Amino acid sequence: MTPRATQTDTQASLRENFASPGPARLLVLGGGGREHALVWSLAREATVEAVFVAPGSDAIGDEPKARCFPDVSALDPAAVVDLATREDVDLVVVGPEAVLEAGVVDALSDAGVPTFGPTRAAARIEWSKAFCREVAAAAGVRMARGRDFKALDPALAFAREIAGARGSRGVVIKADGLMAGKGVTVCDDFATAESALKALFAGVGETTKPEAQPPKPQAQPAVVVVIEERLIGVEASLIALCDDHGALALPPARDHKRLLDDDKGPNTGGMGAYSPVPDLPESLCATLIDVIHLPILAELARRGAPFRGALYAGLMLTPEGPVLIECNARFGDPEIQVLLPRLAVPLGPLLCGAAQGDLAGAAGELGIQGRILPTTGDAAVAVVLAAANYPETPRKGDVISGLDEAAGAGATVFHAGTKRDGAGNFTTNGGRVLAVVGLGPTIRAARAAAEEAADHISWQGMQRRHDIAAVLPRAAAAAPAADSPDPVSEKAWTGGGAS
Ligand code: ATP
C-alpha cells in the first residue's frame with residue numbers, strides 16, 4: 001500500500017525550514033509514548049544530527065537519527081551523566097517524573113550539561129500536593145479550598161466540614177507523594193471520604209481499628225493527606241516551557257482518563273487526548289500563563305528552586321472560571337502526542353533556550369510573539385490502544401497487527417509499550433501500548449483520521465475507547481448568558497486566591 005502524504009509530514013517539513021540555531025546532539029531520557037513523540041519531533045528538525053535515548057525502545061530506535069541505549073537506566077544519575085558526557089550532547093531532555101525525583105537533573109546540572117527538566121527541589125511541585133498548594137497559595141494562584149493533614153482526627157473534622165458546607169458537591173482526598181494517578185479519591189459524601197482517610201492513615205492515627213484497615217498506600221514514610229472541596233467542571237491542561245521566570249505555552253489539550261466509553265471504568269494514565277480545546281481558547285491561555293504559570297515560577301525562584309522544564313497545569317474549568325487542580329513537572333502523556341504534531345516551530349531551540357535560562361531569546365530568534373507557540377492550524381486527536389487487563393495487570397507478549405496499514409492511512413503511531421519479538425513483530429510490553437494520532441483541519445476530521453487508522457490495529461485483548469473527542473464542549477467563544485459567568489472569562493479570575 002502506498003502511504004498517503006500525511007499532514008504530519010507537511011508539518012514536519014514546515015519545521016525543517018527553520019534555520020535557527022538549535023541543538024545538534026540530544027539525549028532524551030525515558031522510553032514510553034511521550035518520549036517517542038519527543039524523539040519523533042526532535043529528529044525531524046534541520047539542525048538535529050543525533051538523538052540518543054536512554055533507555056528508549058525498539059520503536060524509538062527506528063526513528064531517523066535515533067540511537068537507543070537500553071542498558072542505561074534513566075534513573076541512574078551517574079550513568080546518565082556518563083552517557084551525556086561521552087556522547088558530548090548539547091541538551092538532555094527529561095521525559096518521566098521518576099527521573100526528576102531520582103535527582104538526575106541535579107547531577108547533570110552539577111556536571112554542566114544543559115538539561116530541559118527541573119531539579120528535584122523544583123519538581124517537588126508535582127509529587128507533593130501539599131507543597132503545590134503551599135506554593136500556589138503564596139503565589140496567589142487559585143486552587144480548590146483545602147488543607148493538608150498529618151493526623152486522622154483533624155482530617156476527619158475538616159472533611160466533615162467540607163462535605164457539610166452549603167452547596168457542597170463532595171470531598172477529594174489526595175495522598176501526598178508520587179502515586180502514579182492512584183492517590184486521589186473523589187468522594188460524593190463524608191462517609192466515602194471517611195473510609196478513604198482511614199485507609200490512608202491506617203496505623204498512624206489512634207482512633208482507627210486495625211482489623212478494619214485496608215492496605216496502606218506506600219506514599220512516603222510520614223503520611224500527608226490533602227483534603228479539598230470537590231470542584232465540578234470539565235478538565236483541560238495547559239503545559240508551558242519554562243526558564244526560571246519566563247513561560248511559553250504549548251496549545252491546550254484535554255485527555256480522557258477513564259478506561260471505557262462515556263467516562264466509565266477505572267482511571268488510567270489516559271486513553272486519548274485532543275487539541276485544541278474549544279472551551280479553552282488560546283486567547284485565554286495567555287491570561288492563564290500570566291495568572292498561574294508565571295506566579296508559580298516566581299514563587300519557586302523566590303524559594304531558591306527555580307524551575308526549568310515543562311510546567312503542566314491541570315485545570316478544572318468551573319462555572320466560576322478555571323481553577324488549578326494540580327501541577328506536574330513534565331510533559332503530559334498522552335497530551336504531548338497531540339501537541340507536538342501541531343507545532344509550527346522547532347522544539348529543540350526552545351528547549352535549549354529554556355535549559356540555558358534564555359527562553360525569550362530562543363523564542364525571539366524563531367520570531368515567536370506572545371505567550372503561545374504557533375501551530376500549523378491543524379487539530380490533533382490521539383486514540384490510545386491498551387493491553388489486555390490494563391490497568392490492573394497488563395498482559396505482555398501479544399503480537400500487534402495492522403501497524404503498517406495504520407501508517408498507510410495517514411496517522412502517526414507512537415509506541416508507549418511495545419517490544420520486537422524474535423520474528424520482528426511488535427508485541428505488547430506495557431499497559432498503554434500505542435497512541436494513534438490523527439490530524440485534520442477540525443477536531444472532527446482529526447478524530448476521523450485517528451479512528452480510521454486505529455481500526456487497522458489489533459491484538460488479542462486490545463482495549464480502546466471509541467468516543468475520544470466525540471463530544472466537544474461548547475466553544476467558549478459562544479456568548480454566555482448575561483446571568484451565567486463565562487466558564488473561561490478573564491474576569492472570573494478577580495478575587496481568586498488559594499484558601
Ligand atoms: P495524575 O497522576 O492523573 O496526574 P494525580 O494523582 O497527580 O493525578 P490530581 O491530578 O490532583 O492527582 O487528581 C487526579 C484527578 O482527580 C483529577 O484529574 C481530577 O479528575 C480529580 N480531582 C482532583 N482534585 C479535584 C477536585 N478538587 N475536585 C474535583 N476533582 C478533582
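I will walk through a four-stranded sheet and the two helices that pack on it.

A word on the source before I start: this is a predicted model, in which local features need pLDDT of at least 70 and side-chain atom pairs count only at pLDDT 80 or more, while totals for chains, interfaces and linings use all residues. Residues are numbered from 1 along each chain as its sequence is written.

Let me begin with the sheet. Four strands form an open sheet in the order β6-β9-β7-β8, with antiparallel pairing; strands here are DSSP runs of E of at least two residues, helices are runs of H or I of at least four residues, and both are numbered from the N terminus, and two strands pair if DSSP finds at least two bridges between them. β6 (146–149) and β8 (184–187) stand at the edges with a single partner strand each, so one side of each is left without a neighbour in the sheet. Neighbouring strands are turned by 15 degrees against each other on average, direction ignored.

Taking the pairs in turn, β6 is joined to β9 (residues 225–229) by four bridges, and the partner of glycine 146 in β9 is glutamate 228. β7 and β9 pair over five bridges, with isoleucine 173 facing isoleucine 227 of β9 as its bridge partner. Four bridges join β7 to β8, where lysine 174 stands opposite valine 184.

How many of the residues of β7 are buried? Five of its five are, a residue being buried if 20 or more other C-beta atoms, placed from the backbone, lie within 10 Å of its own. Val171, Ile173 and Ala175 point one way from β7, and Val172 and Lys174 the other way.

Now to the helices. α9 packs on the sheet, touching β6, β7 (171–175) and β9, and its direction makes about 10 degrees with that of β9, whereas α10 lies across β7, β8 and β9, running at about 10 degrees to β7; contact requires C-beta atoms, placed from the backbone, within 7 Å.

The two helices also meet each other: α9 (residues 152–164) and α10 (residues 190–200) pack at an angle of about 160 degrees with their axes 10 Å apart, the axes being lines fitted to C-alpha atoms, for helices over the stretch in contact, and angles running from 0 to 180 degrees between N-to-C directions. α9 and α10 are therefore roughly antiparallel, a term for angles over 145 degrees. Their contact includes Leu152 and Ala155 of α9 and Phe190 and Leu197 of α10.

Methods:
Angles under 35 degrees count as roughly parallel, over 145 as roughly antiparallel, 65 to 115 as roughly perpendicular and the rest as oblique. Two residues are in contact if their C-beta atoms, placed from the backbone, lie within 7 Å. A residue is buried if 20 or more other C-beta atoms lie within 10 Å of its own, exposed if 12 or fewer, and partly exposed in between; C-beta atoms are placed from the backbone.
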